[in-house]
Amino acid sequence: MYEWQRQIQQIVDEIDQCIENYNDEALTLRRLSRKMGYSEFYTTRKFKEISGMPFRDYLRQRKLAFALKEVRDNEKSFLEIAFDYGFSSHEAFTRAFKRMYGVAPSEYRKKPRPVVLRTKINPFDRYFLGLGEIGMVKSTEDIKTYFVTIPDHKFLHIKNNQSNGYWDFWEKQSQIPGQDCDTISGLLDSIKGKLDDDGGTKTDSSSGQAMAYISDPEGRLCDWGFLRSECYGVRLPADYQGEVPEQMRMIDVPEAEYLVFEHGPFDYEQENRSVEEEVEKAMASFDFSDTDYQYDTTPGRVIYFYHDPERFWKYVRPVAKK
């Protein structure tokens, strides 16, 4: 089963690459099945078994997710967008768009609002599958530490005051209607103007999204020694006026000083756990004696956590004058 999950992940990765390059001719089940050495029927069955949805539905929804950002972010004609993403006509694209998002492309371009995009699935995740690391390579990368001033902004998020860690967070959220990982990630992905968005026009489920921890008297006592609630969301400009999805919260975060602990790119399969240990150790042992600061755990303060193996593992922790 694990080998199939790895192969389905290869298909998922290739689907995104082809959509991004407007290479619709390469996105056929026949071609992808032959590449894997299996029949179309068998590949379709395994894709649905592992991803939870039919291949053709996933492909259509991913195309529409890419297309929505083109509708939202530029003035390209709807006919051109339709052809770029494999639709036979402007009418066919409009029907599919409206059926998926409840609004026509022309209306959405005039007034964008949060909608649930089909984000990229990741069926082969070693930690989610309980496979651990391969070889446990010890990271030798130094941790960079530096102080920054972050201007005031807004934080749009969901919150859980009892969860303990990323997987436990999403397991608990999945029990709440409309707060599962796919729905929340899809909603956040559709919002333009995220401050941490490095994805440009790409439909990247992690683009601009981050875990966060809010110091919260009603939260859970964490290993760092204070009560906190775990959150997932996006940072937005202080003047953001867009619609807030009903299952999410928006808070104002004032300008403040932060201490950043940052590890550079790493091998996710072999170094993830050792990088985590290294960063945690750096935070626990940081010497504030030569500074005017200390960690700030005042209720309401937010810690941001960014996990992007191709770029960094990073905690951004609030500090205050001693």
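Here's a walk through helix α3, its neighbour α2 and one unusual loop residue.

This is a predicted model, where local features need pLDDT of at least 70, side-chain atom pairs count only at pLDDT 80 or more, and totals for chains, interfaces and linings use all residues. Residues are numbered from 1 along each chain as its sequence is written, and side-chain values use heavy atoms, leaving out hydrogens and water.

Start with α3, which takes in residues 40–51 (helices being DSSP runs of H or I, at least four residues, numbered from the N terminus). Its twelve residues reach 16 Å from first C-alpha to last, close to the 16 Å expected (1.5 Å times one less than the number of residues). Buried here (under 20% relative accessible area, 1.4 Å probe, protein chains only) are T43, K46, F47, I50 and S51. They sit on the same side of α3, because they cover an arc of only 110° around the axis, taken from the directions from the helix axis to the C-beta atoms. After α3 comes G52, with a positive phi near 85°.

Now bring in α2. Its axis comes within 9 Å of that of α3, crossing at roughly 90° (axes are lines fitted to C-alpha atoms over the stretch in contact, with angles from 0 to 180 degrees between N-to-C directions). The two helices are therefore roughly perpendicular (65 to 115 degrees). L29, R30, S33 and M36 of α2 make the contact with E40, T43 and T44 of α3 (heavy atoms within 4.5 Å).

Finally, look at the loop between α1 (2–20) and α2 (29–36), where Y22 lies. Most residues other than glycine have a negative phi, yet Y22 has a positive one of about 55°.

Key: Buried means under 20% relative accessible area, exposed over 50%, partly exposed in between (1.4 Å probe, protein chains only). Angles under 35 degrees count as roughly parallel, over 145 as roughly antiparallel, 65 to 115 as roughly perpendicular and the rest as oblique.
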